[in-house]
Structures are given as structure tokens and as C-alpha cells.
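Q: Please take a close look at one part of this structure and describe it for a reader who is new to it. One connected account would be most welcome.

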Amino acid sequence: SHENREIISENILGIYDPNKSKVSLTLFQKSEHSILSTKFFEGSKCNKNEKDNNKQEAVIEFHCTPEFPSKIVSVEQTSACQYLIKITSDSICISKLNNTEKNF
């Protein structure tokens with residue numbers, strides 16, 4: 001279990017802020033494919049050794065994949081202090097969203 005592990009370092013890519021973070025849903029015509037995305041702000045400082053106060057941010061994209069299990073597909077650094085995290089899940093597929101109330 002992770003409770004017994006010693007934390008060597010911690011890097012926060014961002015924190016969800018309901019006042020700043022916007023959730024968007026992209027639907028593709030004639031397709032079950034959809035992408036739900038949101039942005040996380042105010043993560044760890046980018047340069048811990050410098051006086052720069054820029055903080056890390058991350059965009060989280062949930063991709064509809066009805067035929068595959070939910071998993072983290074990739075974590076990419078798109079530019080300095082900017083990250084893109086892609087997750088696949090059947091939970092955000094249009095057919096499931098239409099039939100179930102979801103809380104994100």
C-alpha cells in the first residue's frame with residue numbers, strides 16, 4: 001500500500017479550480033468518439049531554484065473508448081510548465097452519458 005512509502009519528491013501538475021477550470025465536451029459527427037477536457041491550474045513552481053513564480057498547468061483529456069478499459073494513455077510535456085494528460089474511458093462515451101447522470 002502507498003501509505004507506507006516515503007515520499008522522495010512531489011510534483012503537482014495542477015489543481016482543479018471550479019472558478020477557473022472549464023469543462024468542454026467535443027463530439028465527432030457520425031462517431032461514438034468524444035473528448036471531455038478540463039484544465040488544472042496552480043501546480044508546483046516550474047523552476048524551484050529560480051525566482052520565477054510560474055506554476056505548472058495541465059490539460060486533462062478523457063477520450064471515449066467503448067472497446068478498451070479505462071487507462072492513462074500518456075502524460076506529455078507540451079511546453080515549459082504545460083502538460084497534457086490523456087485518459088481513455090468508456091464512462092464518457094455519448095451513449096453512456098445519455099443514459100446515466102455523471103458527475104465530473
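A: A residue counts as buried when its relative accessible area is under 20%, as exposed when it is over 50%, and as partly exposed in between. The model discussed here is a predicted one. With a relative accessibility of 44%, Glu42 is therefore partly exposed.

Glu42 forms a salt bridge with Lys55, and the closest N and O atoms of the two are 3.7 Å apart. Both partners lie in the loop between β2 and β3, yet they are 13 residues apart, and the pair links distant parts of the chain. Lys55 is likewise partly exposed, because its relative accessibility is 37%. In general, side chains of opposite charge can pair when their charged atoms come close.

The count of salt bridges comes to two. In the other pair, Glu57 meets Lys39, with 3.2 Å between the closest N and O atoms. Glu57 belongs to strand β3 (residues 57-64) and Lys39 to strand β2, so this salt bridge ties together parts that are 18 residues apart in sequence. Lys39 has a relative accessibility of 26% and therefore counts as partly exposed.

Strand β2 (residues 34-40) also holds Ser37. Ser37 is buried, because its relative accessible area is 15%. Leaving aside residues up to four places away in sequence, Ser37 touches Lys22, Val23, Ser24, Ile60 and Glu61.

One of these contacts, Ile60, leads to the largest nonpolar core. This core has five residues in all: Ala58, Ile60, Tyr83, Ile85 and Ile87. Strands β3 and β5 (82-89) are the elements that give two or more residues to the core. The largest share, three residues, comes from β5. Strand β5 is mostly covered, with six of its eight residues buried.

The pairing of the strands completes the picture. β3 and β5 run in the parallel sense and are joined over eight bridges. Here Ile60 has Ile85 in β5 as its bridge partner. β5 also pairs with strand β4 (residues 71-79), in the antiparallel sense and over seven bridges. In this pairing, Val75 stands opposite Ile85. The hairpin of β4 and β5 has two residues between the strands, and Cys81 takes a positive phi near 70° in that hairpin.

Ile85 thus has a bridge partner in Ile60 and stands opposite Val75. Apart from residues up to four places away in sequence, Ile85 touches Leu13, Ala58, Val59, Ile60, Glu61, Ser74 and Val75. Among these, Ala58 and Ile60 belong with Ile85 to the largest nonpolar core.

Definitions and conventions:
Residues are numbered from 1 along each chain as its sequence is written. This is a predicted model: local features need pLDDT of at least 70, side-chain atom pairs count only at pLDDT 80 or more; totals for chains, interfaces and linings use all residues. Side-chain values use heavy atoms; hydrogens and water are left out. Helices (H or I, at least four residues) and strands (E, at least two) are DSSP runs, numbered from the N terminus. Buried means under 20% relative accessible area, exposed over 50%, partly exposed in between (1.4 Å probe, protein chains only). Contact means heavy atoms within 4.5 Å. A salt bridge is a side-chain nitrogen of Lys or Arg within 4 Å of a carboxyl oxygen of Asp or Glu. A nonpolar core is a set of buried Ala, Val, Leu, Ile, Met, Phe, Trp, Tyr and Cys residues joined through side-chain atoms within 4.5 Å. Two strands pair if DSSP finds at least two bridges between them.
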